[in-house]
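Ready for some practice with a protein model? Take a look at the structure below, then work through the exercises at your own pace.

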Amino acid sequence: VTSRMSDNGNNNELMSKEKKFERALERDRIKLAILDEASVVCSTLSFSGSGMFARMTRQFDVVVIDEAAQAVEPSTLVPLCYGAKQVFLVGDPRQLPATVLSSIATDHKYNQSLFKRFETCGYPIHMLKTQYRMHPDIRQFPSEKFYAGELEDGPRQAAMTRRPWHKNPLFRPFVFLDVNGTEYQGQGGASWANDEEAEVVVALVCQLMRDYPRLAKGDKI
């Protein structure tokens, strides 16, 4: 009886594994069918190298890579192996490059993106110059320091981003405050802290709410 019960248990376990395997195959088949029928497929660069994409029966007409200036070249090449007829790299090489922890790799330009390589080689880059997200005073600094003064403001950008507190020199749209504080590593060593800077931030927020009480009614500053 003991032996027979043991055999039944093994059989049940085997059947359970077979059912799980069949369900996994079915899920895989459904995913592949959805991919083959989709007009637009979104993916990270690394996941685009998965076997799911390799088994697709269709090729991609266009590949658009967003934040392309923050990706290392090998990662950018992964989605290009499926026969795309056109590739658009969208990004900003004036912002952060790819995160590469090895100083040796950085010395050998492993942190350079394909976008940056094209730009360095003189490949034509189309720059989007008009911004719609910030006050012109904020735009002026990065435009002069990083974009050769080429950034422009959208229509009525100054009027849409103007606030009453901008009349106060302390609360202009763009201000540098030199705080004589001490920076130290916080508990656990994960991040850095500066108590004096934190105190200045709190003082600024309190002053804003005293001078403009309507700010204190919301949940954001």
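Helices (H or I, at least four residues) and strands (E, at least two) are DSSP runs, numbered from the N terminus. Keep in mind that this model is predicted.

**Exercise 1.** Find where E183 lies, and decide whether E183 is buried or exposed.

*Solution.* Start with the elements on either side: E183 sits in the loop between α7 (157-161) and β5 (184-185). Next, take the relative accessible area, which is 55% for E183. Exposed means over 50%, so E183 is exposed. Finally, look at the surroundings: E183, D195, E196, E197 and E199 gather in a patch of negative charge on the surface.

**Exercise 2.** Work out how R29 and E26 are placed in helix α1, and which contact they form.

*Solution.* First, the helix: α1 covers residues 2-37, and R29 and E26 are three residues apart in it, which means about one helical turn separates them. Then the contact: R29 forms a salt bridge with E26, with the closest N and O atoms 2.7 Å apart. Last, the accessibility: R29 is partly exposed at 48%, and E26 is partly exposed at 36%.

**Exercise 3.** Determine how many disulfides the structure holds, then check C42.

*Solution.* The count is zero disulfides. C42 is in no disulfide, and the nearest cysteine sulfur, that of C81, is 17 Å away. A disulfide needs sulfur atoms within 2.5 Å. As for its surroundings, C42 counts as exposed, at 71% relative accessibility.

Methods. Residues numbered from 1 in each chain as written. Predicted model: local features only at pLDDT ≥ 70, side-chain atom pairs only at ≥ 80, totals over all residues. Heavy atoms only, no water. Patch = residues over 30% accessible without salt bridge, like charges linked within 9 Å, V, L, I, M, F, W, Y side chains within 5 Å. Areas by Shrake-Rupley, 256 points an atom, 1.4 Å probe, with all protein chains shown as cover. Salt bridge = Lys/Arg side-chain N within 4 Å of Asp/Glu carboxyl O. Lys, Arg positive; Asp, Glu negative; His and termini not counted. Charge placed at Lys NZ, Arg CZ, Asp CG, Glu CD. Buried < 20%, exposed > 50% of the residue type's maximum accessible area, 1.4 Å probe, protein only.
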